[in-house]
Structures are given as C-alpha cells and as structure tokens.
Amino acid sequence: MIRPTSRTVLIFAGGIPLALFVVIYDPALWLLSFNYGLLVMLATGTDVLLAFPPRLLDIKIATPDKVYIGERGTITATIAATRWRRSTRLELIAEQRGEVEPAQIVAGELVPGQAARIALPVDPRRRGKIDIDRIWLRWRGPLGLVEFTRRIAVGRAIDVLPNVRGVHSAALQFFAQEAIHGMKTQQQTGEGAEFDALREYAPGLDSRFIDWKHSARHRKLLCKEFRTERNHQVIMAFDTGYLMLEPVEDITRLDHAINAGLMLAWVSLRGGDLVGTYGFDAAVRQYLRPIRGASSFARIQRATAELDYHHQETNFTLGLAELNVRLKRRALVILFTDFVDTITAELLIESMQRISNRHVVMFVTQRGSVLQRAVDAAPTRFAEVAQAVIAHDFLRERSVVFQRLERLGVHCLDVPSRGLSTALINRYLMIKQRGLI
C-alpha cells in the first residue's frame, strides 16, 4: 500500500492559501496556481519511482517457540540482500495478542548488497500464549513524500513458560552437595535414617552412632554410615487465588513460586524422589500425581505452565482436604500461598492442622509485600505514619500465624521472592537430612 506522508499533505495544504492569494491578486495568474498542485503531484510521483520497490522485498520471520516468564523474547525479521543501489530505512512492528507489553516500533537499515536482521522484542507479563498475527513493515521514499506499507502474515503462537534457567545456571548454596545424589555419610546427628554400611571410627564422627556389638566382634571401633532415603513423595501445592497475583519485581507471586518449585522439582527428581503438583483456589484446578526420574521434569514443567490465574478467594478447607484424600502415603507437602486477614488465617490453620497429622508440611510465603514497604518507608506526613502503624499490626498478626503453624509441626518459610529458590531447596534438604518424611 502506498500513501502520501504528512509532509506531502503539509506542502500541498500550505500552498493552497498562497495559490488563492495569487489568484485574488491577479486572476490572470490562475494557471500558475494550478501548476503548483501539479508540481506537488509530480514530486510525489518522482518519490515513488525513486523509492525502494516492494517487489524486491524478501523477508522471513522467525519466532521463538517459547519464552520464559521474566525474560525478553525476540522476533527476528531477516530481509534478503537486493540489488537496489540506495540504503533504505525500514520500520517494523508486531501485531500481537495476549498478556504482553505493547509492541514497539523497531527501525533498521537495509544497506545495498547486504541482508538486514531486525529484532522485535516480546515482553510477556504472565504465563500462557502470545499470538503473533502479523508484522507491519513501512518505509519512505528518498524525498519523504510517500510511504510504503507491507503486511506480513505470521500466524504463530509463543508459549510463555515458567522460568527454568536457574535449574541449569543458578549457584545454589546447599547444606551438602552430596544430598542431591542421595548418598550421605553420617557425620552429624540426624543426617539420613537408612543404614548403609559400617566404617572404622575416626575423630570427628558422632560417637552415638558407634556400633558396639560389631566393634566388639572385630576388636576395633566401627561407626554406622547412613544414606538419605529416596522414593519420598513431594507435592508442590500452588495457591492460584487473587492474593498470588500481586506483581513482585515485574512478575506475579505465583510465577515466583512456580520458578522456585521447578528448581526444587529438579533437585528432588535427581535425588530419587517422586514429585507431583497441585493447584487450587476456590476449586481444585489441577493435580499431577507424583512421578519419578529426571526425564519427568518436562512433564512437571508443562503442568505448572498450565496453572492459570484466578481472581477468586482461596478455599483452603476444600483444597487441602481434597489433597489429603488424594495422597495415599506420607509425603512432603509444600504449600505456596499468602494471606492477609486473620479470618482467612484461622481457616488456613485448621486445614493445616488436619493435613499435618499425616504428612510433613512446608508453608511457603514471600516477604516484601506492600505492608513491608509501608513499614520500612520513612514517613513525611501524618497519613503515612498511620499507614505504617496499620501495616505493622498486620505484620505482627502475620508473625503470630507463623508461630501457631510452627507449634503444629509445620515448617514455615517466609523469605523474599529473590531468594526463594535457594531457601526452599535448603529447607527441603534439611528435612531429608533429619529423616522427617
């Protein structure tokens, strides 16, 4: 499509008052006024002839199959080299649908004899799908009087998945690296509970694990070695209610929880445990039974990617009761959630008490919300002082809830979103070392 630019319209419209003034001044000069319009049209036609011809345009669009939440993806437009002798400035923009930041116009230069590669950014806001319908391309003639527009149909979708980059690259500070592989030499109280072998006692080993019967038989001190148990069930229960939709560092609390949960799933699968997922809010949304093997990680990743966002209040009574029924053997249940008011917390505590009677429960929340910022900010007005006092009361009630849960035997973990993955894996390894599952 070819159309005149604003410069053309301005030149033509700006000449109309001048032409009228000439005709009014001397009617015999009407031909000169008419020639002005023809001159503008002639210049426009010349610009069309000098512009880059659309028939030479050979463009290929490459889109990524997936983008991780919290990261930027790119749509690459490759324009083949042509025999055109002048450089042409091209502008591209993507027509896209979904939970994504507004598209940006990206400019590139097509140099004679060289191909051009132009990258269009894609910034997802939430997990799901981003539909790339078409790419719009435009360029102008050398005089800037006409503009060419080309529409490139794409019709592709990009999957926005939970971020698993940290599974392969993050430097985690574990309690002990050997716990990943499931083998632990007994050197501290409570590390592992499954007997592995006997070894000769050495200074530094716990004397309480000396096997006196075998020591008497072999006439030297022998100490028991233990290994960390395998085949435990680990269930990651995600609260998909409205409280988990609060954005923290540009992504929601739910996505932070899913990213940390995937890190834990990878470590657990490598350690020989079985990992499953569970999603609920006002109703049960998803359940993936515990599966084993590192090859099952992709299946867990797909299951977490399907967890949708719901603007509903979470029903802990229904969700945890249903989970308690589905689990037939003792498991480690990790609940990713959040709470604000004490009424919801009371119902939460009652439900946690029932499920903690059969299973080991880890209660995971993310610190650093609006309440914490209101308390930490230096007040400058009386209204800000009142807000800080109210926020402090909410945080105090929050700490009381944690204390009540810990008295029930629930392991509470309240850390900032940035350090959630490391803290979660460390707590998981500590529970395994103590043989609590």
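A residue counts as buried here when its relative accessible area is under 20%, and that cut-off comes up in several of the views below. The model shown is a predicted one.

**View 1. Phe-238, tucked away in strand E12.** Start with Phe-238, which sits in strand E12, the run covering residues 233-239. Its relative accessible area is 0%, so Phe-238 falls under the 20% limit and is buried. What is Phe-238 in contact with, once its neighbours within four places in sequence are set aside? The list is Leu-254, Ala-257, Ile-258, Thr-277, Tyr-278, Gly-279, Phe-280, Thr-304, Leu-307 and Phe-336. Take Thr-304 from that list: 66 residues separate it from Phe-238 in sequence, yet the two C-alpha atoms are 9.0 Å apart in space.

**View 2. Leu-92 and its contacts around strand E5.** Leu-92 has its place in strand E5. Is Leu-92 buried or exposed? It counts as buried, because its relative accessibility is 1%. Apart from neighbours within four places in sequence, Leu-92 is in contact with Ile-59, Ala-77, Gln-104, Ile-105, Val-106, Ile-118, Leu-120, Ile-135, Trp-136 and Leu-137. If you want one pair to zoom in on, try Leu-92 and Val-106: they are 14 residues apart in sequence, with 5.3 Å from C-alpha to C-alpha.

**View 3. Asp-133 and Arg-97, a polar contact between side chains.** Asp-133 lies in strand E8. With 17% relative accessibility, Asp-133 is under the 20% limit and therefore counts as buried. Which side chain does the side chain of Asp-133 make a polar contact with? That partner is Arg-97, at 2.8 Å. Besides Arg-97, the residues in contact with Asp-133 are Glu-95, Ala-153, Val-154 and Gly-155, again leaving out neighbours within four places in sequence.

**View 4. The second largest pocket and its lining.** This pocket has a volume of about 240 Å³. Its lining is made up of 15 residues, and those nearest the centre are Thr-88, Arg-89, Trp-139, Arg-140 and Gly-141. Two elements each give two or more residues to the lining, namely strand E5 (88-97) and strand E8 (128-140). By type, the lining residues split into 6 nonpolar, 3 polar and 6 charged.

**View 5. Arg-219, out in a loop.** Look for Arg-219 in the loop between helix H4 (212-218) and strand E11 (222-227). Arg-219 has a relative accessible area of 79%, so it is exposed. Check the backbone while you're there: phi of Arg-219 is near 60°, a positive value in a residue that isn't glycine.

**View 6. His-392 in helix H10.** Helix H10 covers residues 382-407, and His-392 is found in it. Its relative accessibility is 44%, which means His-392 counts as partly exposed. Gln-372 is 20 residues away from His-392 along the chain, and their C-alpha atoms are separated by 7.9 Å.

**View 7. Zooming back out to the whole protein.** How many helices and strands does the protein have? There are 11 helices and 19 strands. Of its 437 residues, 47% count as buried. Among contacts between residues at least 6 apart in sequence, 72% join residues at least 24 apart. The accessible surface adds up to about 23,000 Å², with 54% of that belonging to carbon and sulfur atoms.

Note on methods: Residues are numbered from 1 along each chain as its sequence is written. This is a predicted model: local features need pLDDT of at least 70, side-chain atom pairs count only at pLDDT 80 or more; totals for chains, interfaces and linings use all residues. Side-chain values use heavy atoms; hydrogens and water are left out. On a 1 Å grid over the protein atoms alone, a cavity is a set of points where a 1.4 Å probe fits but cannot get out, and a pocket is an open set with protein on both sides within 12 Å along at least five of seven lines; lining residues have an atom within 4 Å of a point. Grid points are joined across faces, edges and corners, and a volume is the space filled by probe spheres set on the points. Helices (H or I, at least four residues) and strands (E, at least two) are DSSP runs, numbered from the N terminus. Ala, Val, Leu, Ile, Met, Phe, Trp, Tyr, Cys and Pro count as nonpolar, Asp, Glu, Lys and Arg as charged, and the others, Gly among them, as polar. Buried means under 20% relative accessible area, exposed over 50%, partly exposed in between (1.4 Å probe, protein chains only). A polar contact is a pair of N or O atoms within 3.5 Å; within protein, one must be able to donate a hydrogen and the other to accept it, and residues adjacent in sequence count only if both atoms are side-chain atoms. Contact means heavy atoms within 4.5 Å. Accessible areas come from the Shrake-Rupley method with a 1.4 Å probe; for residues, only the protein chains shown count as cover.
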